[in-house]
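Let's take a walk through this model, starting from a single residue and zooming out from there. Have a look at the fold first.

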Amino acid sequence: MTAASAASLDTSDRLSSITVASIVSSTPTVDTVPAVPDETTKKKWQVNDAYDDGPDGGFGWLVVAGAFLGQFTSFGIMQEYYEREVFSHIPDAQLQLSFAGTIMELFVDLMGPLFQIISARYGVRAVLILGSFLGVLGLEMAGFTTQIWHLYLTQGVLFGSGASFMYVAAMSVPAQWFNRRRGLGLGLVSSGSGVGGLVLPFVMTALNNKLGAAWTYRIMGFLVLGMNVFTCLLVKEKYPRHKKYKANDESGEKQPTPHQPTLREIFNWNVLKDINYLLWVIGSMIALMGFFVPFFFLPSYARYLGLSSANGTALIAVMSAGNCVGRVAVGYIGDRIGRLNADIVFTFISGISALTIWVFANNYGTLMAFAAVFGLVCSSYVALLSPITATILGIDRFPTGLSILLLSNMVSVFGPSIASAIESRIDAEPYLTYKVFTGVTYIVGGFILIALKLRMTRSLTAKI
């Protein structure tokens, strides 16, 4: 498995179980609260946000632990091993194997709408069980791979679909159990894939060397099964569909049990008319295009400078470790200064680090400094995408909004390919295109997020 492949799924670091009213930020949207809110308006928001009335955490910390385990087992294909040991006789094996990782990443983003349908009709537990089954089946079947296209179907389609269902569930259900610490809770959950991306490659390498790829996949399948059992047991909705209520007035009157929703009711396409939401999607999509580039090209840039492959691996390891810490940190900071504010700050630091550190990095020490800084701040979007989306759209439109947002991530997956195409067509210093592309995408995305903040709050200093 290459570090690039692991990093790709890490963003995609992606999806989680959503109940219709599961994630609503305690910060109101501009449609809900006017620029100068009065006491009556505040009271109405608090009533509408009835799911935030309970205490923070409690059983929610066990939910976070279960969701963390579900994300821990997200990893990429063993491309380097297959390229060296299994398909070395195929001239373009590297290119063909890379498509397996791309297909897996696409299915992680693609299955959001299907998740929305299943969870709306049958609940989150059904999605978790289905996701666990598909993920384990994909890995076990990958152990019988004899042709490259077998990986497309097994780890690409099956495992990618299962990982998608587990991700969506892991990123939304824990939010029902938190209010003031919602960012921290989701940050801890999203760090699971970062920890797994840091630890599992070493485990898989040892298994490969002793047992071969087939048994490595089978053992990893059983490892995923064991962890996902805990995920299915611990990740539960605080407000299941047949019990949940929403206070319509001061008396807290319960709504009747929801009927079986139709597709028209599940998908609210009016979100595409919401300018604030479109700014959020476009800004995040552009910034995320830069996320993948250092993970793909930093090791090869290190070799270009004359450094060893071990140095390149160390750079990826430092970035992955920074991802684990950074996702928790941005969640904690977002709870205090506002989640959109935290995302904007971390996005700009990511772009600036690429343009000021990586551009001038010509030795191992400077590259390690970039890896440390970029790793800490580059994945704020992954940790905060759910609460920010809910803040912008509110309760009813959130599921559709998150599904579309995750679909937009499919465009960002091609960021490294776009950067490579530009690199091949301009006459410039080698790797300069990758450095500038990373910085510019983050900076442009950051400015679009600032425009979103101004539209929602009319202030640069407001907490949101």
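Is Ile 337 buried, partly exposed or exposed? At 37% relative accessibility, Ile 337 counts as partly exposed, since buried means under 20% relative accessible area, exposed over 50%, and partly exposed in between (1.4 Å probe, protein chains only). Keep in mind that this is a predicted model, where local features need pLDDT of at least 70 and side-chain atom pairs count only at pLDDT 80 or more, while totals for chains, interfaces and linings use all residues. Residues are numbered from 1 along each chain as its sequence is written, and side-chain values use heavy atoms, with hydrogens and water left out.

Ile 337 sits in helix 13; helices here are DSSP runs of H or I with at least four residues, strands are runs of E with at least two, and both are numbered from the N terminus. Together with Tyr 332, Ile 333, Val 345, Ile 349 and Val 373, Ile 337 makes a nonpolar surface patch of about 430 Å². Helix 13 (309-337) and helix 14 (339-358) each chip in at least two residues, with helix 13 giving the largest share, three residues.

Now zoom out. The protein has 19 helices and zero strands, and 58% of its 464 residues count as buried.

For a look at helix packing, try helix 3 (residues 60-72) and helix 9 (residues 182-211): they pack at an angle of about 30 degrees, with their axes 7 Å apart. Axes are lines fitted to C-alpha atoms over the stretch in contact, and angles run from 0 to 180 degrees between N-to-C directions. Helix 3 and helix 9 are therefore roughly parallel to each other, a label for angles under 35 degrees.

Technical notes: Patches are made of residues with over 30% relative accessible area and no salt bridge: like charges are joined within 9 Å, nonpolar side chains (Val, Leu, Ile, Met, Phe, Trp, Tyr) within 5 Å. Accessible areas come from the Shrake-Rupley method with a 1.4 Å probe; for residues, only the protein chains shown count as cover. A salt bridge is a side-chain nitrogen of Lys or Arg within 4 Å of a carboxyl oxygen of Asp or Glu. Angles under 35 degrees count as roughly parallel, over 145 as roughly antiparallel, 65 to 115 as roughly perpendicular and the rest as oblique.
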